[in-house]
Amino acid sequence: MRMPARQRCHAVLAGLVTLATAAALSVAATAPAAAADTWNEVGSDRADPLTESQGLASVEVPAGSPNRYTGIGTIPFDLTVRGWNHVGDPDASYNGYYVEPYQADSGSAKMFRVQAPGGAWSEYVHALSPGEALNNSFDTISPNGSWMVSGEWGTMNRLLVFPTPGVNPATSPSANLPQASTINLDHAVRDVQGCDFVTSTQLLCSSDDPEGALFGITKPLLQIDLSAEPGSADVTGHVTALRQLPLRSSCSGSFESEGTDYDRRTGTLRVIVVSPGFCVLTDSKTYRFTRS
């Protein structure tokens, strides 16, 4: 996600020795090695800068559905003229409800656009709670389908939980989508661009952190282990930095990590990383990982 007032200060060509040392320190500082999985890169695909640069989701229903992507080129014109000019990282429930998160440059609300399994679209607007950031970086739907987790930009110690629009019977397009609870994190995170459930109590998240001070590495892949399944009551989340996301391009400059998707059918994790400068057009990638 490219934010209007955002400062990006990441030096891309950091020394290999520095990165290796920092990564080792990060794992030691955040959690025992046995507490976290290892995700190994197994391949990549080019990410189109207009239609595949913000987020992605695997869709299980209907059977055989293609993967979904978001980017500036996927925003419907009528949403743009109404001010919803940024789309984040989407997700789909296991029973086929697809949810895209939207934000505007100003205002007091964010919006979630939902496509039902039959194809019909509806919009659910959430009025910001006191102190809630305007941006709408991502959404991810719990395995039971009833709850949706979303995040804010900047340095945060929480994730937000909502009833899943269109799935949870407590939601309606004609009513405000309320925040249901909070995931309180035991370690601050910065600029989280996407999360996806791996289990009912574990999330994998991509951070666009350009500084590296929180975990010793920039652009980390994060694992968040929850104390319980999210719902109407607050839960806690233990944060672990697993690895730095791939930062490879023919151009030098600031990379941008974007959306995240975990496909339980294949055990594949996918994360979008947008290349710097002109190379955003040529070698931005969706990287694939498997667990060992």
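Modeller: Before we start, a cavity here is a set of grid points where a 1.4 Å probe fits but cannot get out. The model we are looking at is predicted.

Colleague: Happy to begin there. How many cavities of 30 Å³ or more does a search of the whole structure find?

Modeller: The search finds 2. The largest holds about 130 Å³ of space, and the second largest about 40 Å³.

Colleague: What makes a residue part of the lining, and which residues lie nearest the centre of the largest cavity?

Modeller: A lining residue has an atom within 4 Å of a cavity point. For the largest cavity 15 residues qualify, and Asp91, Ala92, Tyr94, Asp196 and Tyr262 lie nearest its centre. Strands S5 (91–92), S13 (192–199) and S17 (256–263) each supply at least two lining residues, with S17 giving the largest share, 3 residues. By class, the lining has 6 nonpolar, 3 polar and 6 charged residues.

Colleague: And what lines the second largest cavity?

Modeller: Phe138, Gly151, Glu152, Met156, Arg158, Leu159, Val189 and Val192 do. They divide into 5 nonpolar, 1 polar and 2 charged; Gly counts as polar, so Gly151 is not in the nonpolar group. Strand S11 gives the largest share of this lining, 3 residues.

Colleague: Let's turn to the rings. Why is the pair of Tyr98 and Trp121 called edge-to-face?

Modeller: Two rings pair if their centres lie within 6.5 Å, and planes over 60 degrees apart count as edge-to-face. Tyr98 and Trp121 are 6.2 Å apart centre to centre, with 80° between the planes, so both conditions are met. The pair links strand S6, which holds Tyr98, to strand S8, which holds Trp121, 23 residues apart.

Colleague: How do you know whether Tyr98 and Trp121 are buried or exposed?

Modeller: Buried means under 20% relative accessible area, so Tyr98 at 2% counts as buried. Trp121, at 34%, is partly exposed because that value falls between 20% and 50%.

Colleague: What makes Phe112 and Phe162 a tilted pair?

Modeller: Their centres are 5.8 Å apart and the planes meet at 55°. That angle is neither under 30 degrees nor over 60, so the pair counts as tilted. Phe112 lies in strand S7 and Phe162 in strand S11, so the pair ties together parts 50 residues apart in sequence. Both residues are buried.

Colleague: Which charged ends sit over rings?

Modeller: The charged end of Arg113 sits over the ring of Trp121, 3.5 Å from its centre. The charged end of Arg264 sits over the ring of Tyr94, 3.6 Å from its centre.

Methods. Residues numbered from 1 in each chain as written. Predicted model: local features only at pLDDT ≥ 70, side-chain atom pairs only at ≥ 80, totals over all residues. Heavy atoms only, no water. Phe/Tyr/Trp six-rings, centres within 6.5 Å; stacked < 30°, edge-to-face > 60°. Helix = DSSP H or I, 4+ residues; strand = E, 2+ residues; numbered from the N terminus. Buried < 20%, exposed > 50% of the residue type's maximum accessible area, 1.4 Å probe, protein only. Lys NZ or Arg CZ within 6 Å of the ring centre and 35° of its normal. 1 Å grid on protein atoms, 1.4 Å probe; cavity = no way out; pocket = protein on both sides within 12 Å on 5 of 7 lines; lining within 4 Å. Points joined across faces, edges and corners; volume = space filled by probe spheres on them.
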